[in-house]
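Open the model in your viewer and keep the selection box handy. We will go from stop to stop, selecting a few residues each time and looking at what is there.

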Amino acid sequence: MCGIVGYVGERRAAPVILDGLRRLEYRGYDSAGLAVIDQDELRLVRRVGFVAALAAAVPADLPGSTGIGHTRWATHGGVTEDNAHPHLDSTNRIAVVHNGIIENHMPLRARLQDEGVVFRSETDTEVLAHLISIFYKADSTAGPEAAVRQALELVQGTYGVAVIFLDHPGLIIAARNGSPLVVGKGNGETFLASDPHALSAHTREVVYLEDRDIVRIDASGWTISRMDGGGVSRAVEVLGEEWQDEGRGDYSHHMLKEIHEQPESLARCLRGRVVPDQGTARLGGFELSPRDIAAIRHLTVLGCGTSFHAGLVGAAAMEGLARIPASAEIASEYRYRNPVVAADDLYFAVSQSGETADTLGAVREVQVKGGRVFGVVNVVGSSIARTCGRGVYVHSGPEIAVASTKAFTSQVAAMLVAALSFARTRALGPHEGKAFGEELLSVPERVGEWLTAEPPGLMDAVELCTSGKFVFFLGRGVSHAVALEGALKLKEVAYVPCMAYPAAEMKHGPIALLDKRTPVVVVVPDDVMRDKTLSTIQEVRARGAQVIAIHTVGDDQTPKVADVCIPVPRSNPLISPLFSVLPLQLLAYRAGLALARDIDRPRNLAKSVTVE
Ligand code: M6R
């Protein structure tokens, strides 16, 4: 959420910063800005809207080889140019960009105003610029780092922050607490960013800052120390291929590209992990002995949004297959109810970005209470992956569209692999394990086949969903998780009001909302619950609503009662979400297109949500 880029070296900073901001735009795109040191002036350019608007406003020959930039997802203060970062102090000699939230910004602002400071924005960040300025002026011999350190000591909340000083060209001071920052090593130049996407075009050698690190960056490198004093050395890591910028290729949108990448992303996730001959699976990062696995009493899967939906499937698989009692919890709710954490329970933290503040907070809550938490994460080296220190990477590759698609299927696949491995250690026999493993391994190819042609019924479903009042999504068991995911996609990408319910729960209230203008999408695989879901469909139709059924190919009953039918491949019920989610991803995509939405950058959203 929000992107930061910094550059110090011999090149002009502005083009490097703009390029980095373009790569980070998926983190927030309400407004963007940059500041560079141009001899005796801090040059500031900010614009509301996409980075393209900023790029158009930045003079092509803007000099200055030290600078910082920011792309914003608004928290405090509306989407205006004044609220865009960087923020300057009153002397216009210090510029600050910030990710995170200064929770005590109101009392700090009031104190500063009492001292005569005039604020130019409504943001929480601006207090930082003024505080740094005050400490800097009070003792300029102590230097910029001391001023930043003193200011941050007054701050409660989270920050990834970068500061430049007109008096110190060639220097950036940055600090991290809860919002990631990474420093990149160049040849006679140094880069800073809130995630490696911004750096991958310039360098592969990076250092991830840890919470409460503060860093002095100049063209020759960096020096890291701890906020409470003392130097520290952090290992240089080499960025993997996953950070390469692949662009959109021939696809009109990242979302469509990512939907179609699912055969490969699923294959990467499963490769080398499923061992069909032994009817089991191996996950390197789990390091649990058979005795440990046998002793697990309960699994809690934590995640937000799409990752929570994947967690619902993961929990169902762990219970259904491995016979481990399991549940999924919304991570943003979890830690504030003072949860009971038991040492023989297990926790999974599911996250595409690995930076979701709510999920990271839940991980820390589990760890503080002595629980074992494993990451199920896509982004290598991300905060959740590092904080968990163990777990599994889902290897879906970079996901750029704000709406998560391939990460969902990879998260589900990774947890199905974990469930298979735990199940074989506990109760599952080799034949059932083999059948499950073989079927899992066949999924990527079957997904690929299904995706080769647009499914029948899709455009009829789009028409119904874009012309109705709102849309209901129904399903039972793991198909309820798929219904939730389908509804989330349609809200995010097409802004169509919709809600998802466990199918049988609809008669307990929501059915009052149904009429001819409320299409109902029902995820109804041909499993033991099918006939009960068909009864729900009849209840829906009796109220005049039209039904779009996502059903199993070859099921001859569902098409008799549905208005629009989209068949998906037959599979083990626990594997079915990997197929039944596909038409819902395409439905959201096509509905967004029909309604002329900004598919990859939906309004008000950002790809990684690094604030609580
Ligand atoms: O990066 P994470 O998986 O932790 O993100 C969690 C949610 O913010 C994310 O899934 C969000 O709901 C997506 N925009 C869904 O498409």
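A salt bridge here is a side-chain nitrogen of Lys or Arg within 4 Å of a carboxyl oxygen of Asp or Glu. Keep in mind as well that this is a predicted model.

**Stop 1: the domains**

Colour the chain by its domain assignment, which gives domain 1 (3-239), domain 2 (254-451) and domain 3 (458-594). Now show domain 2 and domain 3 together. Their centres, taken over C-alpha atoms, are 25 Å apart, and the contact takes 30 residues from domain 2 and 27 residues from domain 3.

How many salt bridges are there between domain 2 and domain 3? The count is 0. The area buried between domain 2 and domain 3 is about 2500 Å², with carbon and sulfur atoms giving 78% of that area. Polar contacts are found too: across the interface of domain 2 and domain 3 there are 9 residue pairs in polar contact. To see the domain 2 side, select α6 (254-260), α7 (262-270), α9 (305-322), α13 (406-425) and α14 (430-451), the elements that give two or more residues to the side touching domain 3.

**Stop 2: the open sheet**

Switch to a cartoon view and look for the open sheet. Its 8 strands follow the order β3-β2-β4-β1-β10-β9-β11-β14, with antiparallel pairing. Select β3 (41-48) and β14 (237-238) to mark the edge strands, each of which pairs on one side only.

Strands of a sheet pair through backbone hydrogen bonds, either parallel or antiparallel. Select residues 31-38 for strand β2, which is joined to β4 by 6 bridges and runs antiparallel to β4. As a landmark on this pairing, Ser-31 stands opposite Arg-72 in β4.

**Stop 3: strand β1 and its two partners**

Next, select residues 3-8, strand β1. Is strand β1 largely enclosed or exposed? Of its 6 residues, 6 are buried, so strand β1 is largely enclosed by the rest of the structure.

Show the side chains if you like; in a regular strand they alternate between the two faces of the sheet. Gly-3, Val-5 and Tyr-7 point one way from β1, while Ile-4, Gly-6 and Val-8 point the other way, and all are buried.

Add residues 66-72 to the selection. This is strand β4, joined to β1 by 6 bridges in an antiparallel arrangement. Find Tyr-7 and you will see Gly-67 of β4 opposite. Then add residues 190-193, strand β10, which is joined to β1 by 4 bridges and also runs antiparallel to β1. Here Val-8 has Thr-190 as its bridge partner.

**Stop 4: Ser-194**

Select Ser-194, in the loop between β10 and β11 (205-208). Ser-194 has a relative accessibility of 2%, so it counts as buried. A polar atom of the Ser-194 side chain lies 2.9 Å from the backbone nitrogen of Ile-4, a residue you have already met in β1.

Which residues does Ser-194 contact, leaving aside its neighbours within four places in sequence? Among them are Cys-2, Gly-3, Leu-24, Arg-27, Asn-99 and Pro-180. Expand the selection around Ser-194 to find the others, including Leu-181 and Val-182.

**Stop 5: charged pairs**

Side chains of opposite charge can pair when their charged atoms come close. The total comes to 31 salt bridges, and a few of them make good selections.

- Asp-19 and Arg-23: their side chains meet in a salt bridge (3.1 Å, N to O). Both lie in helix α1 (residues 13-24), 4 residues apart, about one turn of the helix. Arg-23 is buried, with a relative accessible area of 19%.
- Asp-38 and Arg-43: the closest N and O atoms of this salt bridge are 2.8 Å apart. Asp-38 is buried at 13% relative accessible area, whereas Arg-43 is partly exposed at 25%.
- Glu-365 and Lys-369: this salt bridge spans 2.7 Å, N to O. Glu-365 is buried at 17% relative accessible area, and Lys-369 is partly exposed at 31% relative accessibility.

For the last selection, pick Asp-526, Arg-530, Asp-531, Asp-555 and Arg-570. Salt bridges that share partners join these residues into one network.

Notes:
Residues numbered from 1 in each chain as written. Predicted model: local features only at pLDDT ≥ 70, side-chain atom pairs only at ≥ 80, totals over all residues. Heavy atoms only, no water. Buried < 20%, exposed > 50% of the residue type's maximum accessible area, 1.4 Å probe, protein only. Pairing = 2+ DSSP bridges. Polar contact = N/O pair within 3.5 Å; in protein donor to acceptor, adjacent residues only side chain to side chain. Contact = heavy atoms within 4.5 Å. Domains from an automatic or database assignment. Buried area = accessible area lost by both parts, 1.4 Å probe.
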